[in-house]
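Got your viewer open? Let's take a walk through this model one selection at a time.

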Amino acid sequence: MSGAPLGATVTPEGTTFRLWAPHANAVAVIGDLNDWDADAHPMTRGEGDIWEVTIAGVGAGAQYRFALDTAVGRLDRIDPYARAVTNSVGNGIVWDPDAFDWQGEAFRCPPAHELVIYETHIGSFVAGKDGPGDLADALSRLDYLRSLGVNAIELMPLAEFAGDYSWGYNPAHIFAVESSYGGPDAFKKLVREAHRRGIAVILDVVYNHLGPSDLSVWQLDGWSENGKGGIYFYNDHRSSTPWGDTRPDYGRPEVRRFLIDNALFWLREFHVDGLRLDMTLYMRKVDAGGEDIGDGWSMMRDIADAVRAERPDAITIAEDLQSDPAITSADGTRLQSQWDARFVHPVRAAIITPDDGARSIPALVAAVTARDHDDAFTRVVYTESHDEVANGKARVPQEVEPGNPSGWAAQKRATLGAVLALTSPGVPMLFQGQEFLEDEWFRDTVPLDWERAELLRDLVRLYRDLIALRRNLAGDSAGLTGQHTEVLHADDAAKVLAYARLADADHAVVILNASHEPHEAAVRFPGPGAWRLRFNSDGRTYSALFTDHPSADVEAHGDGPSAVVTIGPYSALVYTR
């Protein structure tokens, strides 16, 4: 199979068009470049059934399609590699990736132990003027995100999808940035400006299925078996997914190339700093608990290896949610990290239940200390994500106190969950609006209520202070970036938990009270001497509803050593040397 780039490639002479179509009898380029005349620019079949033609004088902006003569008649198809489209059922657009000015940008992704991720959806992050929000709208909030302290944004999928409103997990054209979001250059500008602010950009990609609607690759060249999708898809029972009959055929070399080309495309042309692979369970299994797809496992591994070879600093993340260590193991898929169901589900259960007696400290201990391969950062930890706050589930404040999601209980327990996410071992992640207690369940048609960011600005400060501690911005909380965790105190009766994080010789001690009553407890510390209180979530500086419980610096002494700590209701403390 030829290694020449597929799709439309702009050259000094014009544009070269290439298409893989093994079952076509003939292929031509049609478009505004030749008045859509299929006789004007026929293509030549070459090695690996790749059809090719160079058309002089054609440059960026030209609209085109491929006209295929097939066993089922003429088929006009959008280029599977189109870098831009007019819309999901429109035409491909010739795009010159070298035309954008990166202005010398040379950003590198922070290592996993330093990352704090903020997941966002472009269409709803900021309200659009006459439709969904777009990439320019999102760019307007980058300074806010920098002030919040996050150093990575994870964008829900941007590949062109059917219609203008979507979560993005229905990609019709995986190389084209969604036209309603502003297209490729708008995305490049967002990445460039995020990098200028020290913010990495991680992109969600969908390789477990395509579409299922508006797919130009469906029976692309007329061939299929069993009424299935043709050359890009499995044509037997393996094609079936929960989202449509469109699982790519990971065993076909040309399809593997298609997906690896796409993964590298985002790194090379858009300078993204990582990829998050959507629901990888359905890349590696026919259904949730059934037949393994061996080629799916190796597909993920090849993507991980290709990304690592291209950009050693870039991060790869799986959404698998089966707590399978093979996802991040050297002899498994070799992806760097994965969303951790062992954290989100028990932590949400603990903070949402109205009954203090039902909060399980042993379950929280298990959630905090879970790890694979003796590496704390092979998991992403969170209490809210797009999946956790939709499809019948609500935002944490709404779950805690449905009638008053900005009330005392909602504020206290939502922030307790945030402390757990931002101080536990793992890569912490927030979901858009979490820091100002957004209480709407996630929908792609409802933008964030940014007035809440001002209304609850003191709570935003709590998140900012927590993130600064997690990132060790003041140089006094390096322990929170460390590999090692030790449980110091776990009292299920009193609902008090304490654990230490360790990086080299630096310790940070986190103490949580998961009950509605303040507590005083003798807590073991990692070493004797003075321990300074760096953070008290009950501080009135964070909310007028908080009690400003008089927690203070402590002196640890004796065998253990230990110190008596007093802590407010549903509160958390962070101590360092």
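Start by selecting Arg524 and then look across to E25, where its bridge partner is Ser562. Keep in mind as you go that this is a predicted model.

**Stop 1: strands E22 and E25**

Now widen the selection to strand E22 (residues 519–524) and strand E25, which run antiparallel and are joined by six bridges. Stay on E25 (residues 562–567) and switch on its side chains. Which of them are buried? Ala563, Val565 and Ile567 are, and they point to one face. Ser562, Val564 and Thr566 point to the other face and are not buried. That fits a general pattern: in a regular strand the side chains alternate between the two faces of the sheet.

**Stop 2: an open sheet**

Next, pick out the six strands E19, E20, E21, E26, E23 and E24. In that order they make an open sheet with antiparallel pairing. Why do E19 and E24 have one side without a neighbour in the sheet? Strand E19 (484–491) and strand E24 (554–556) stand at the edges with a single partner strand each, so one side of each is left free of a neighbour there. Going from one strand to the next, the twist averages 25°.

Zoom in on the E24 edge. Strand E23 (residues 529–536) runs antiparallel to E24, and three bridges join the two. Select Trp531 and you'll find Val554 of E24 standing opposite.

**Stop 3: the barrel**

Time for a closed one. Select E9, E10, E13, E14, E15, E16, E17 and E18: in that order, these eight strands form a closed barrel with parallel pairing. Here the twist from one strand to the next averages 30°.

For a sample of the pairing, take strand E14 (residues 274–277) and strand E15 (residues 315–318), parallel strands joined by four bridges. Within that pair, Gly274 stands opposite Ile315 in E15.

Now follow the loop between E15 and strand E16 (337–339) until you reach Leu335. Is Leu335 buried or exposed? Its relative accessibility is 1%, so Leu335 counts as buried, the cut-off being under 20%. Add Asp302 to the selection: Leu335 and Asp302 are 33 residues apart in sequence, and their C-alpha atoms are 9.7 Å apart in space.

**Stop 4: the nonpolar cores**

Select Phe17, Phe187, Trp266 and Leu275. These have the most contacts inside the largest nonpolar core, which has 140 residues. Which helix gives the most to this core? Helix H5 (residues 253–270) does, with 10 residues. There is also a second, separate core of 19 residues, and Ala498, Val509, Ala521 and Val554 are among them. You met Val554 earlier, opposite Trp531. As a rule, in soluble globular proteins, nonpolar side chains tend to be buried together.

**Stop 5: pockets**

Keep H5 selected, and add Pro5, Leu6, Arg83, Phe265 and Glu269. Those five lie nearest the centre of the largest pocket, which is lined by 19 residues. The space inside is about 380 Å³. H5 gives the most to this lining, with six residues, and strand E1 (7–10) supplies at least two. Colour the lining by class and you get nine nonpolar, three polar and seven charged residues.

The second largest pocket has a volume of about 200 Å³. Its lining has 16 residues, and the closest to its centre are Trp243, Asp278, Met279, Glu319 and Asp387. By class, this lining divides into seven nonpolar, five polar and four charged residues.

**Stop 6: a cavity**

How many cavities of 30 Å³ or more does the structure hold? There are seven. To find the largest cavity, select Ala159, Ile174, Asp204, Val205 and Val206, which lie nearest its centre among the 13 lining residues. About 80 Å³ of space lies inside. E13 gives the most to the lining, with three residues, while strand E12 (171–177) and H5 each supply at least two. The lining divides into 10 nonpolar, two polar and one charged.

**Last stop: a hairpin**

Finish with E6 and E7, a hairpin with two residues between the strands. Strand E6 (residues 63–70) and strand E7 (residues 73–77) run antiparallel and are joined by five bridges. Click on Ala67, and then on Asp76, its bridge partner in E7.

Definitions and conventions. Residues are numbered from 1 along each chain as its sequence is written. This is a predicted model: local features need pLDDT of at least 70, side-chain atom pairs count only at pLDDT 80 or more; totals for chains, interfaces and linings use all residues. Side-chain values use heavy atoms; hydrogens and water are left out. A nonpolar core is a set of buried Ala, Val, Leu, Ile, Met, Phe, Trp, Tyr and Cys residues joined through side-chain atoms within 4.5 Å. Buried means under 20% relative accessible area, exposed over 50%, partly exposed in between (1.4 Å probe, protein chains only). Two strands pair if DSSP finds at least two bridges between them. Axes are lines fitted to C-alpha atoms, for helices over the stretch in contact, and angles run from 0 to 180 degrees between N-to-C directions. On a 1 Å grid over the protein atoms alone, a cavity is a set of points where a 1.4 Å probe fits but cannot get out, and a pocket is an open set with protein on both sides within 12 Å along at least five of seven lines; lining residues have an atom within 4 Å of a point. Grid points are joined across faces, edges and corners, and a volume is the space filled by probe spheres set on the points. Ala, Val, Leu, Ile, Met, Phe, Trp, Tyr, Cys and Pro count as nonpolar, Asp, Glu, Lys and Arg as charged, and the others, Gly among them, as polar.
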